[in-house]
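Hi everyone, thanks for coming. Let me put the structure on the screen, and then I'll walk you through a few parts of it.

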Amino acid sequence: MDGDWQFQYAKNPAERPVGFFEPDYDRDHFFTIQVPGHIELENFSQIHYINTLYPWEGKVYRRPAYVLSDADTGAGMFSAADNNCVGAYAKRFDLEEPLRNNRVTVQFDGVEQAMYLWLNGHFVGYAEDSFSQSEFDLTPYIQDTDNVIAVEVFKQSTAAFLEDQDMFRFSGIFRSVRLTAQPEIHVNDLAIHSTVTADLTTGHLAVTLQLNDHPAAGTVSLTVTDDQGEMVAEASEKATEQVHFGDFEVANVRLWCHSDPYRYHLQLTVRDADGAVLEVVPYDFGFRRFELVDKVMMLNGQRLILNGVNRHEWNPDRGRAITQADMVADLQVFKENNINAVRTCHYPDQIPWYTMCDEAGIYMMAETNLETHGSWQKMGAVEPSYNVPGSVSQWRDAVLDRAKNNYEVFKNHPSILFWSLGNESYAGEVLAEMNAYYKRVDSTRLTHYEGVYRNRAYADRISDVESRMYETPENIKAYLDDHPEKPFLNCEYMHDMGNSLGGMASYVNLINQYPMYQGGFIWDYIDQALYVTDEVTGNRVLRYGGDFDDRHSDYDFSGDGLMFANRQPKPAMQEVRYYYGQYNN
Amino acid sequence: MANTTTNLRVIFGDGTLGVAGPACHYIFSYERGGLESLVQHGKEWLYRTPMPTFWRATTDNDRGNGFSQDSAMWLGADLFSHCVAVAINVDDQDLGWPIAPETNRFSNHEWAEKVQIAFTYQTTTVPKTNVTVTYQVFNDGHLGVTVHYDGQPGLPELPALGLRFIMPTPAVGFDYTGLSGETYPDRMAGAVAGTYHVVGLPVTPYLRPQENGMHMATEAVTVTRHTTLNNTDVDATDFSLSVVQTTAPFAFSCLPYTAEQLEAADHIEELPAVRRTVLGVYGAVRGVGGIDSWGADVEPAYHISAEVDHEFSFEIRG
């Protein structure tokens, strides 16, 4: 469904084309927009960069609902706002032959920031969480030909309080959209439980499937092979709503790690009652053992050293609508420069990136799409008099849903070592619940959260690691010398804004001094700047916040990468390559 | 019920004070330490926060008599002075510097008749001193500006004292009521008072780029642009902003460059491509002298003492 869509822009909800989703609505005057892409980069909406403060700073006074008072519902705060732009997207399509007579869904990989969906005039659903895939069942309303799918995208919603990441503030359908057809027996969910015994010799595998409700009669078979095609596990079960395989024991298991990202090949084959193949699910997975031993993070019995970077998805022409080629290029840069870990700051990345990191042996910190620093960090000071989610029960479900999205989509990736609760969202009961959620559903990974550093009352309930940002080597030593409870990592360090990466030795030297010091993630991988045509010279030049008359802005503060925005390395990269090369295992 | 006499909506932000008035919207940034956004009729007029300006690009006379060496710390102050205090007054009520949690009592519907915000800048000179820039937004949306310099014994003479506005795109020209030609305190006699139109942003092509384009004794200047940096703005219609005298005439220059950009160039062709409008509004301007260019000073009456207070005011209208 990528490509041209019909598009109408409204600068606020009051001016939006009400009813545009009706099949016979006159959309002849609509513009054409490319999906995936940002509305701002098509010059409908103003480009705006801002860091911590909310994007309406200086223009609208807002407090999140229920935070200062239970009576404050915040109704209309965004839907009646005069500065909340709306994109109306529509596309006519015929269902391709192979998709017909099946259950049909549509998957939106990323829509910022709130979307309503209609098909053929029928309301289908609503979604938030800009960086998670939203899938909708279209079956009740789909036709073989002449369908009209319509999406109304609001730039801001209550989700805006939860998505205050330090980045250009875009909107629109910025990741791919596709239709899927599902056969009468369909694997809705695959959960691979792969563990390794303490002696690191034997793997255990259990696989749980969720099929569609009331599946037809049939079977699901599973095979697991190694990279030589040798069968490791094999089983077949009757198709029921939940199917369980295993426990299988894998002797002399080959473990997955950075230097040897070895994966086994799992394949599911779904057959109907006559034995005809309905669906095949291939999935490569790994065995690895990640645990705390004497308060030190150990991977497959080795102390973990994180030579990491924080990576925003960025392309200077396309913003966050990056391409596969961008991802391939980034992994090549990682390899060339001894970068072994990535934090998906500060939201889930495109789905293929996780598989690519599995293949490349990159350790991942998979971060939940949550950042609320505008609500509690004001001009650099901790000021949590109003903050979300805090311990506000009305915000609980919306926040926990983001963790569930992150876990369920990415749970089978060996590359993920950490579930990160989000970035800079202070700490309260809701984050403690999120931590508990990840611990409950996954015993093979650690939880990570830096913000509890700002509210030590939750130290026992949030984060398996002591994580800080931009901490000095001296203060890290002080922590490690003082009978620490948790291993230390820098979730952000070596802030590489412009020409400012130096003194890395002071951090690297801690590796030999303190077993509980385990490295970190440089801030950050790539400058966020946008190519525009220079109005004076006609040359393509890189622009940053404030260069679009956008206010309030944080200007060049998004230029902190090891790479320039156009993916050329900064001179400091050789320093990173040198130091990260010393502990690259 | 709407009160028809209170036109200004005040937005108590977490890092800014927003003030929306008739056809205008101002954002005063606590982080940037000044007026960050000045929007009139939907057009942004600021590229960077207006800052006190002290430097002028060294004239040949300054070079000859060593003035720039003697006053070099004002170059640093021009570049690096910074905001140290903010004070807000709404409808004659002093609010100090209200930020959360104090601002949690406000709403999105706060109205006022007048809003005053003062930014105090500390110079990087030795010894230090302060300059306070006070903005007052009036009920009709116009902006009053007062710049107060605190005299400080021991500081070298000032090259200039003004407030520098850097606008996002080049002006197509400006109109002013004042004196003809390029004037300085010790070079005003030949000028004719009147209203003048200047096309573009001409830089006087002195063989070596230096201070130029000053206009003394001005009642009003109107700068006109036709482009913005807003990526959604395709309207190329001219739009204007005026600076108008209040208590006394002011001096100004309207150039595409800052003093530092001029200072760095040895030839006109070394100046960068024209991208911005740099409007300096001055309360005090040093004379240019002229007896010789190998040592003679500007006459004493045209020096600016840094040891005494200076203050000037003007207003901005869309």
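Let me start with how secondary structure is assigned: helices (H or I, at least four residues) and strands (E, at least two) are DSSP runs, numbered from the N terminus. What we have here is a predicted model, so local features need pLDDT of at least 70 and side-chain atom pairs count only at pLDDT 80 or more, while totals for chains, interfaces and linings use all residues. Residues are numbered from 1 along each chain as its sequence is written, chains are lettered from A and ligands numbered from 1 in the order in which they are written, and side-chain values use heavy atoms, with hydrogens and water left out.

First, the annotated spans. UniProt positions are given in the numbering used here, with feature names shortened, and annotations may be inferred rather than shown by experiment. In chain B, an unreviewed UniProt entry lists residues 18-317 as "domain: Beta galactosidase small chain/". That span of chain B is 42% strand and 8% helix, with its end C-alpha atoms 17 Å apart. For chain A, the unreviewed entry gives residues 291-583 as "domain: Glycoside hydrolase family 2 catalytic". Here the figures are 29% helix and 20% strand, and the end C-alpha atoms lie 19 Å apart.

Now, how do the two chains meet? Contact means heavy atoms within 4.5 Å, and 35 residues of chain A and 39 residues of chain B take part. Together they bury about 3,000 Å², 47% of it on carbon and sulfur atoms; buried area is the accessible area (1.4 Å probe) that two parts lose on being put together, summed over both. On the chain B side, B:Asp14, B:Leu229 and B:Asn231 lose the most area to chain A, together 22% of what that side buries.

On to the interior. Buried means under 20% relative accessible area, exposed over 50%, and partly exposed in between (1.4 Å probe, protein chains only). A nonpolar core is a set of buried Ala, Val, Leu, Ile, Met, Phe, Trp, Tyr and Cys residues joined through side-chain atoms within 4.5 Å. The largest one has 88 residues, and A:Phe334 and A:Trp353 are among those with the most contacts inside it. There is also a second, separate core of 66 residues, including B:Leu35 and B:Val133.

A:Trp353 is also one of the buried residues of H2(A), along with A:Tyr354, A:Met356, A:Cys357 and A:Asp358. These pack against several elements of chain A, including helix H1 (324-336) and helix H4 (393-410). After H2(A) comes A:Gly361, with a positive phi near 70°.

Just ahead of that helix is a loop between strand S25 (341-343) and helix H2 (351-360) of chain A, and A:Thr344 sits in it. A:Thr344 counts as buried because its relative accessibility is 0%. A polar atom of its side chain lies 2.9 Å from the backbone nitrogen of A:Glu367.

And what about disulfides? A disulfide is a pair of cysteine sulfur atoms within 2.5 Å, and a search of the whole structure finds zero over all chains. A:Cys345 has A:Cys491 as its nearest cysteine sulfur, 10.0 Å away. That is too far for a bond, so A:Cys491 does not pair with A:Cys345. A:Cys345 is buried at 0% relative accessibility, and A:Cys491 is buried at 0% too.

That's my tour, so over to you.

Technical notes. Polar contact = N/O pair within 3.5 Å; in protein donor to acceptor, adjacent residues only side chain to side chain.
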